[in-house]
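Grab a coffee and open the viewer. Here are some exercises to work through, each with a solution you can follow step by step.

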Amino acid sequence: MLYKLPNFFIVGAAKSGTTSLYRYLKQHPEIYMSPIKEPNYFAKDIDVDLFREDYKRKTLIDTKKYFSKSKLEELHLAFITNFEDYLQLFREVNNEKAIGECSNSHLYSRVAAKEIRKFIPDAKIIMILRNPIERAYSHYLMNLGDGLTSERDFVKEVLADFNKSYKGWGISHLYIELGLYYEQVKRYLELFPRQNVKIILYEDFKNYPEKMLKEIFEFLNVDKNYLPSLGQRYNVSAVPKYPKFNQIVKKVYIRLKNFIPKKIQISLKKKYREISFKKKKGLLSRKEKQFLLEYFKDDIEKLSKLIDKDLSIWLNN
């Protein structure tokens, strides 16, 4: 059977609102989104065999079992490495005009832009870029919540990760590297026509979601007046009260979750979050921001010129 390929890609950045955007676009009747939000197929330079064991358990799926189902299950993340499997993600496309997926590794990957261009030369590309310090902090909070670290000092955690001798996607956390946007964005602008690349700042998406969605719908040539339900925020980070205990719980959960029915999983996760997580996340001090800004300042200034957007708010807040 002949399946359609996607004609647009949300490529990142990670922890910049891409899950919310994916959910909003999924509601539009003229848009089809891959049931696996992040299939990561075109990031060919990311070797799944090198992943940390906890990341392997989180991302590697039994593709034969997954695609054998008549209705594909919604998953947040996987690494699909076979082209025939990737095509099957779009087997349920009907008459939707815009067909898309949302893999954050495609922005970080050095080859994804080239691979996408090779298969879908007229593809449209969407990016959401977030202040890299805030992005790194949100990433850290997610890892704290997921039990991937128990380090309470954000700066200490970031520097320890940055100074590792062996790094990469699924190997280390890349708190700093994922926020060095200049080269990542430049790869797409060099390969795709400028009118095919839509770059949004996270601050605009957060503060003016209706306006930004209207622009994106127009960019994708679908009904720009459609308004999805915006009441829910997705993939929001929170702080565990007891990070080391949370780390143990998460490791046990990962090993047992395949034996727990989906409905019970959802109920248990909700209850555990209510009991074990703080409702408000801490704020970075000005000293911490200034320290980390030294890693991003030059890159931000180059990016500002590249995309012709004023990014002074990232340098001054």
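Keep in mind throughout that this is a predicted model.

**Exercise 1. Charges over rings**

Task: find the ring that lies under the charged end of K124, then do the same for K44.

Solution.
- Step 1. Start at K124: its charged end sits over the ring of F219, 5.2 Å from the ring centre.
- Step 2. Now go to K44, where the charged end sits over the ring of Y41 at 3.5 Å from the centre.
- Step 3. Look around Y41. This ring belongs to an aromatic cluster with F9, Y32, F42, F83, Y86, F90 and F119.

**Exercise 2. An aromatic pair**

Task: work out how the rings of F162 and Y295 are arranged, and which parts of the chain they tie together.

Solution.
- Step 1. For context, the structure holds 22 aromatic pairs. F162 and Y295 form one of them, with 5.3 Å between the ring centres.
- Step 2. Check the angle. The planes are 80 degrees apart, and the pair is edge-to-face; the cut-off for that label is over 60 degrees.
- Step 3. Place the partners: F162 is in helix 8 (residues 154-162) and Y295 is in helix 14 (residues 286-307), so the pair links parts 133 residues apart in sequence.
- Step 4. Check accessibility. F162 is partly exposed at 26% relative accessible area, and Y295 is also partly exposed, at 30%.

**Exercise 3. A buried charge**

Task: decide whether E157 is buried or exposed, and say what lies around it.

Solution.
- Step 1. Locate E157 in helix 8.
- Step 2. E157 is buried, yet it has no salt bridge.
- Step 3. Look for an opposite charge. The nearest such side chain is K164, 6.6 Å away; a salt bridge needs the nitrogen within 4 Å of a carboxyl oxygen.
- Step 4. List the neighbours. Not counting residues within four places in sequence, E157 touches Y140, T149, E151, H173 and Y175.

**Exercise 4. Salt bridges**

Task: for E74, D54 and E53, name a salt-bridge partner of each.

Solution.
- Step 1. The whole structure has 17 salt bridges. As background, side chains of opposite charge can pair when their charged atoms come close.
- Step 2. E74 pairs with R23, with 2.7 Å between the closest N and O atoms. E74 is in the loop between helix 3 and strand 4 (75-77), while R23 is in helix 1 (residues 18-27), so this bridge ties together parts 51 residues apart in sequence.
- Step 3. Both ends are partly exposed: E74 has 40% relative accessibility and R23 has 28%.
- Step 4. D54 bridges to R52, with the closest N and O atoms 2.9 Å apart. D54 is partly exposed at 21%.
- Step 5. E53 meets K56 at 3.7 Å, N to O. These two lie three residues apart in helix 2 (residues 53-59), about one turn of the helix. In general, an α-helix has 3.6 residues a turn, so residues three or four places apart point the same way.
- Step 6. K56 is partly exposed, with a relative accessible area of 22%. Finally, look for shared partners: R23, K26 and E74 are joined into one network of salt bridges.

**Exercise 5. The cores**

Task: find which residues have the most contacts inside the largest nonpolar core, and then inspect M127.

Solution.
- Step 1. The largest nonpolar core has 55 residues, and those with the most contacts inside it are F9, I125, M127, L129, F154, V185 and Y188.
- Step 2. See where the core comes from. Elements that each supply at least two of its residues include helix 6 (112-119), strand 6 (124-129), helix 7 (132-145) and helix 9 (181-191).
- Step 3. Zoom in on M127. Beyond four places in sequence, its contacts include V11, L107, V185, Y188 and I199.
- Step 4. Don't miss the second, separate core of 22 residues, which includes M33, A98, Y202 and M212.

**Exercise 6. Two buried spots**

Task: explain why helix 9 counts as largely enclosed, then describe the surroundings of I300.

Solution.
- Step 1. Eight of the eleven residues of helix 9 are buried, so the rest of the structure largely encloses this helix. Among the buried ones are Q184, K186 and R187.
- Step 2. Move to I300, in helix 14. I300 is buried, at 2% relative accessible area.
- Step 3. Beyond four places in sequence, I300 is in contact with P132, L293, L311, W314 and L315.
- Step 4. Compare sequence with space: I300 and N131 are 169 residues apart in sequence, and their C-alpha atoms are 8.9 Å apart.

Notes:
Residues numbered from 1 in each chain as written. Predicted model: local features only at pLDDT ≥ 70, side-chain atom pairs only at ≥ 80, totals over all residues. Heavy atoms only, no water. Phe/Tyr/Trp six-rings, centres within 6.5 Å; stacked < 30°, edge-to-face > 60°. Helix = DSSP H or I, 4+ residues; strand = E, 2+ residues; numbered from the N terminus. Buried < 20%, exposed > 50% of the residue type's maximum accessible area, 1.4 Å probe, protein only. Lys NZ or Arg CZ within 6 Å of the ring centre and 35° of its normal. Lys, Arg positive; Asp, Glu negative; His and termini not counted. Contact = heavy atoms within 4.5 Å. Core = buried A, V, L, I, M, F, W, Y, C linked by side-chain atoms within 4.5 Å.
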